[in-house]
Amino acid sequence: MEKIKLFEKYNLNLTEEKLNKLNIFYSELIFYNNSFNLTAITEENEVFIKHFLDSIFPEFLIEKNSSVIDIGAGAGFPSIPLKIYRPDLNVTMIDSLNKRVNFLNDVIKKLELENISAFHARAEDFAKTSRESFDYAVVRAVAKIPTLIEYAFPLLKVGGRLLCYKGGDVEEELKQSENALKILGGVVERVEKFNLEGNSRTIVLIKKLEHTPSKYPRSKNLPKLKPL
């Protein structure tokens with residue numbers, strides 16, 4: 001697979017420098033995966049399509065020089081590929097598992113990335129110290145949309161946006177989100193459906209319209225166990 005041509009196919013200009021960083025990231029991912037079980041997808045072409053291209057493709061929805069928080073960053077998707085492709089972004093990653101955070105910080109150091117950091121924290125705890133601080137929240141493979149809204153909105157500035165990376169079918173989740181949007185003050189701004197090399201994907205862009213009441217997000221995993 002010609003990687004630069006793959007990205008060009010989707011109107012993405014992947015320079016040699018950025019490709020080199022993605023290649024290093026791939027090597028680190030596979031090396032650590034033996035111990036940390038970071039991803040079930042390990043074949044190089046599959047990783048570039050299903051993780052890297054998938055992470056980067058919606059970058060056109062994020063304004064220049066924005067602050068971005070990746071909630072439940074896991075192995076660094078979408079935030080590390082996004083940061084490689086968009087050095088202008090100021091990125092914060094949080095994850096509840098410390099070994100994944102250690103991996104992310106090692107990757108940041110190895111790639112010599114600036115203005116990006118990873119923290120061992122749950123969203124409900126991080127909101128206590130970084131409330132309404134970010135322009136965008138990105139979330140991939142974490143939870144259903146009503147739960148994501150409750151995790152993300154306390155961290156977003158008024159006017160900020162939540163980008164939910166989803167599979168092809170989101171209609172039921174959008175319907176389930178109506179109450180959360182009403183309670184927390186948000187609106188679905190765009191639903192972008194696209195196909196990446198045969199993989200149906202959807203980005204749901206949700207705008208925060210008002211300040212989030214201090215009682216949110218709820219603790220004790222309630223956003224997942226009892227969504228709004």
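**Exercise 1. In which sense do strand β5 and β7 pair, and over how many bridges?**

*Solution.* Let's begin with the ladder itself in this predicted model. Strand β5, residues 156–166, is joined to β7 by 6 bridges, and the pairing is antiparallel. For one rung of β7, look at I203, the bridge partner of Y165.

**Exercise 2. Place this pair in its sheet: what is the strand order, and which are the edge strands?**

*Solution.* Step one: the sheet is open, has 7 strands and runs in the order β3-β2-β1-β4-β5-β7-β6, with mixed pairing. Step two: β3 (116–120) and β6 each pair on one side only, which makes them the edge strands. Step three: from one strand to the next, the twist averages 20°.

**Exercise 3. Which strands does helix α7 touch, and across which strands does helix α5 lie?**

*Solution.* Take helix α5 (residues 98–111) to start: this helix lies across β2 (90–95) and β3, at about 165° to β3. Now turn to helix α7 (residues 145–152), which packs on the sheet and touches β1, β4, β5 and β7. The direction of α7 makes about 145° with that of β5.

**Exercise 4. Describe how helix α2 packs with helix α3.**

*Solution.* Two numbers do the job here, the angle between the axes of two packed helices and the distance between those axes. For α2 (residues 16–36) and α3 (residues 44–56), the axes come within 11 Å and cross at roughly 120°. Because that angle falls outside the 65 to 115 degrees counted as roughly perpendicular and is not over 145, α2 is oblique to α3. The crossing is right-handed. Next, the residues: L19, L22, N23, F25, Y26 and L29 of α2 meet E44, V47, F48, F52 and I56 of α3. Sorted by type, the residues of this contact are 9 nonpolar, 1 polar and 1 charged.

**Exercise 5. Where do the cis peptide bonds from F77 to P78 and from Y216 to P217 lie?**

*Solution.* The bond from F77 to P78 is cis, with omega near 10°, and P78 sits in the loop between β1 (67–71) and α4 (79–85). The bond from Y216 to P217 is cis too, with omega near 0°. P217 belongs to the loop between β7 (199–208) and α10 (222–225).

**Exercise 6. What is phi of E132 and of E197, and in which loops are these residues found?**

*Solution.* Phi of E132 is near 50°, a positive value in a residue other than glycine. E132 is in the loop between α6 (123–129) and β4 (134–140), and its relative accessible area of 22% makes E132 partly exposed. For E197, phi is also near 50°. E197 lies in the loop between β6 (186–196) and β7 and is partly exposed, at 32% relative accessible area.

Key
Residues numbered from 1 in each chain as written. Predicted model: local features only at pLDDT ≥ 70, side-chain atom pairs only at ≥ 80, totals over all residues. Heavy atoms only, no water. Helix = DSSP H or I, 4+ residues; strand = E, 2+ residues; numbered from the N terminus. Buried < 20%, exposed > 50% of the residue type's maximum accessible area, 1.4 Å probe, protein only. Axes fitted to C-alpha atoms, helices over the stretch in contact; angles between N-to-C directions. Parallel < 35°, antiparallel > 145°, perpendicular 65-115°, else oblique. Left-handed = near helix turned anticlockwise from the far one by under 90°. Contact = heavy atoms within 4.5 Å. Nonpolar A, V, L, I, M, F, W, Y, C, P; charged D, E, K, R; others polar. Pairing = 2+ DSSP bridges.
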